[in-house]
Amino acid sequence: MRSIRRRLPPAMSLPAWGGGIALGAELLTNGGFEGVYDDESSGGGGTVNIAPNWNNFGSELDGTDTLDETADAHGGSKAQEITVNAANEGVTSAATIVFASGKRYYFELYIKGVAGKVRIFDGAAAIIDETFTPSTGAYRRYYFIRAGSTTSQRIYITSGDAGAHFIVDDVSVKEIL
Ligand SMILES: [Ca+2]
Ligand SMILES: [Ca+2]
């Protein structure tokens with residue numbers, strides 16, 4: 001009797017991110033929050049200490065808010081720790097990203113929460129404006145796909161919650177090819 005041989009499909013593995021969609025070059029500078037934070041370059045001190053290529057957004061310098069580097073990184077050796085107390089404070093990318101209509105964009109960031117919500121938006125809510133409560137105790141990836149429009153925007157990582165406290169690392173913005 002003739003044996004029936006069945007061709008089994010090859011072992012399947014999921015791509016690094018679902019769907020196997022090709023992504024373009026990184027559009028955000030220092031989304032890994034590496035480098036010499038501004039407190040070190042200015043001789044130390046201060047309560048709002050931010051990674052290169054990022055700026056303060058609304059955080060008070062009087063100790064009300066604390067932004068600092070931490071070695072508790074998702075990637076590399078540093079991440080940006082953010083502790084703010086009021087409406088929409090945190091960090092913003094120093095450079096703008098040029099978005100184009102008719103294209104789609106992939107946003108990704110890793111958050112390790114302690115308390116409160118996180119908001120990622122572009123300042124004008126033109127492309128992205130998402131507020132979510134991150135997992136606590138470990139980094140978790142959050143990602144969003146958004147349609148472009150003809151605009152140039154900065155990326156803001158903030159919170160409006162009283163006592164918001166979280167760590168952000170490996171923020172990425174790429175065009176979906
Ligand atoms: Ca990092
Ligand atoms: Ca504040």
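Among contacts in the protein between residues at least 6 apart in sequence, those that join residues at least 24 apart make up 69%. This value, like the others reported here, was computed from a predicted model. The protein contains 1 helix and 13 strands, and its elements follow one another from the N terminus in the order β-α-β-β-β-β-β-β-β-β-β-β-β-β. Of its 177 residues, 33% count as buried.

An open sheet of 5 strands is found with the order β2-β5-β12-β8-β9, in which the pairing is antiparallel. Strands β2 and β9 (129-132) occupy the edges of this sheet, and because each has a single partner strand, one side of each is left without a neighbour in the sheet. On average, and with direction ignored, neighbouring strands of the sheet are turned by 20° against each other.

Within the order of this sheet, strand β12 stands between β5 and β8. Strand β5 (residues 89-93) runs antiparallel to β12 and is joined to it by 4 bridges; T92 has Y156 of β12 as its bridge partner. On the other flank, 3 bridges join β12 to the antiparallel strand β8 (residues 118-121), where I120 stands opposite I157 of β12. Both faces of β12 (residues 156-159) are covered, since Y156 and T158 on one side, and I157 and S159 on the other, are all buried. Strand β8 is in turn joined to β9 by 4 bridges, again in antiparallel orientation, and V118 has F132 of β9 as its bridge partner.

The largest nonpolar core comprises 36 residues, of which I50, V91, I111, I120, F166 and V168 touch the most other members. At least two residues of this core are supplied by each of β2 (54-57), β4 (79-84), β7 (104-115), β8, β12 and β13 (164-176), with β13 providing the largest share, 6 residues. I120, one of the residues that touch the most other members of the core, is also the residue that stands opposite I157 in β12.

The surroundings of I50, another of these core residues, were examined through its contacts beyond the neighbours within four places in sequence. When those neighbours are left aside, I50 is in contact with Y37, D38, N55, N56, L67, Q80 and V91. Among these partners, V91 is likewise listed with the residues that touch the most other members of the core.

Note on methods. Residues numbered from 1 in each chain as written. Chains lettered and ligands numbered in written order. Predicted model: local features only at pLDDT ≥ 70, side-chain atom pairs only at ≥ 80, totals over all residues. Buried ≥ 20, exposed ≤ 12 C-beta atoms within 10 Å, placed from the backbone. Pairing = 2+ DSSP bridges. Core = buried A, V, L, I, M, F, W, Y, C linked by C-beta atoms within 7 Å. Contact = placed C-beta atoms within 7 Å. Axes fitted to C-alpha atoms, helices over the stretch in contact; angles between N-to-C directions.
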